Amino acid sequence: MNGQTGEVNIRPSEPTDEQTLMKIVNEVYSQCEAHLWVANHERLTEERFKTFHRKNELLVAETSGSVLVGCVVMSNAGCDGRGLAMLVVKPDCRGRGIGRKLVDFVINTARDDKCSFVRLELLYPTHQPDPWKQALRTWYEKIGFVFVRNEDFTKYFSDSSDLAQEVTFSIFEKPLALS
């Protein structure tokens, strides 16, 4: 599952990545989703890291100097799809194509595995516009993801006690042409 993509290598997470990835993920989400969660909410906890790592679902992006600059979770989405979640790139590394390389890695892995789609969910506040999430939606649509439906967040996560407001999952899929 290793993949060289320019100056950035995409590889499965290692136990030694835990603290650095937790810092990166929680810093990014505290900036872009602070209004959605109660204060001090951690998007990536030690327990979640260990679960993703054990399932081999967490992929990291590192520079040729072995500096971690981003990550994505790649999971199964039904019997013929892959899920893409928690796409994060360090703020000082944005605009270099790292996020796109992580997404492309998931898409190419899904194609190699003969999957018919890649699915992602964007967490939106239900009752107010969110410019950051709208920019993400626009970016995902630009690279071929299509809005499928909205879902109730609590359908997937029964414990929503860390939420600061009502949220909705917007589900997007990218169909994959199978050869």
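In this predicted model, the loop between helix 3 and strand 6 contains Lys114. Phi of Lys114 is positive, near 65°, although the residue is not a glycine. Most residues other than glycine have a negative phi. Lys114 is exposed, because its relative accessible area is 59% and the cut-off for exposed is over 50%. Met86 also has a positive phi, of about 50°, and is not a glycine either. Met86 is placed in strand 5. Its surroundings are those of a buried residue: the relative accessibility of Met86 is 6%, and buried means under 20%.

Strand 5 (81-89) is largely enclosed by the rest of the structure, because 8 of its 9 residues are buried. On one side, strand 5 pairs with strand 4 (68-76). These two strands run antiparallel and are joined by 6 bridges. Asn76 has Arg82 of strand 5 as its bridge partner. Strand 4 and strand 5 form a hairpin, with 4 residues between them. Gly78 lies in the turn and has a positive phi of about 80°.

Strand 5 also pairs with strand 6, through 4 bridges. Here the strands run parallel. Leu84 stands opposite Leu120 of strand 6. From strand 5 the chain passes through helix 3 to reach strand 6. This β-α-β crossover is right-handed.

The largest nonpolar core has 28 residues. Which of them touch the most other members? They are Leu84, Ile98, Leu102, Val103, Val118, Tyr140 and Phe145. Several elements each supply at least two residues of this core: strand 2 (8-12), strand 3, strand 4, strand 5, helix 3 (98-112) and strand 6 (117-125). Helix 3 gives the largest share, 7 residues. Leu84 shows how these parts meet. Beyond its neighbours within four places in sequence, Leu84 is in contact with Val72, Val73, Val103, Val106, Val118, Arg119, Leu120, Glu121, Tyr140 and Phe145. Apart from this core lies another, of 17 residues. Its members include Leu21, Met22, Val73 and Met86.

Two of those members, Leu21 and Met22, are among the buried residues of helix 1. The others there are Glu18, Ile24, Val25, Asn26, Val28, Tyr29 and Cys32. An α-helix has 3.6 residues a turn, so residues three or four places apart point the same way. The cover over the buried residues of helix 1 includes helix 2 (46-54), strand 3 (58-63), strand 4, strand 5 and helix 4 (131-142). Helix 1 runs over residues 18-32, 15 residues in total. At 1.5 Å a residue, the helix should span 21 Å. Its end C-alpha atoms are 21 Å apart, so the model agrees with the expected span.

The structure holds 3 aromatic pairs. One of them joins Phe147 and Phe172 in an edge-to-face arrangement. The ring centres are 5.6 Å apart, and the planes meet at 70°. This pair links distant parts of the chain, as Phe147 lies in strand 7 (residues 146-152) and Phe172 in strand 8 (residues 167-175). The two are 25 residues apart. Is each partner buried, exposed or partly exposed? Phe147 is partly exposed, because its relative accessible area is 31%. Phe172, with a relative accessible area of 0%, is buried. Elsewhere, Trp139, Tyr140 and Phe145 form one aromatic cluster. Tyr140 and Phe145 also appear among the core residues that touch the most other members.

Definitions and conventions: Residues numbered from 1 in each chain as written. Predicted model: local features only at pLDDT ≥ 70, side-chain atom pairs only at ≥ 80, totals over all residues. Heavy atoms only, no water. Expected span 1.5 Å × (residues − 1). Buried < 20%, exposed > 50% of the residue type's maximum accessible area, 1.4 Å probe, protein only. Contact = heavy atoms within 4.5 Å. Core = buried A, V, L, I, M, F, W, Y, C linked by side-chain atoms within 4.5 Å. Phe/Tyr/Trp six-rings, centres within 6.5 Å; stacked < 30°, edge-to-face > 60°. Pairing = 2+ DSSP bridges. Right-handed = clockwise from strand over helix to strand, strands pointing away.
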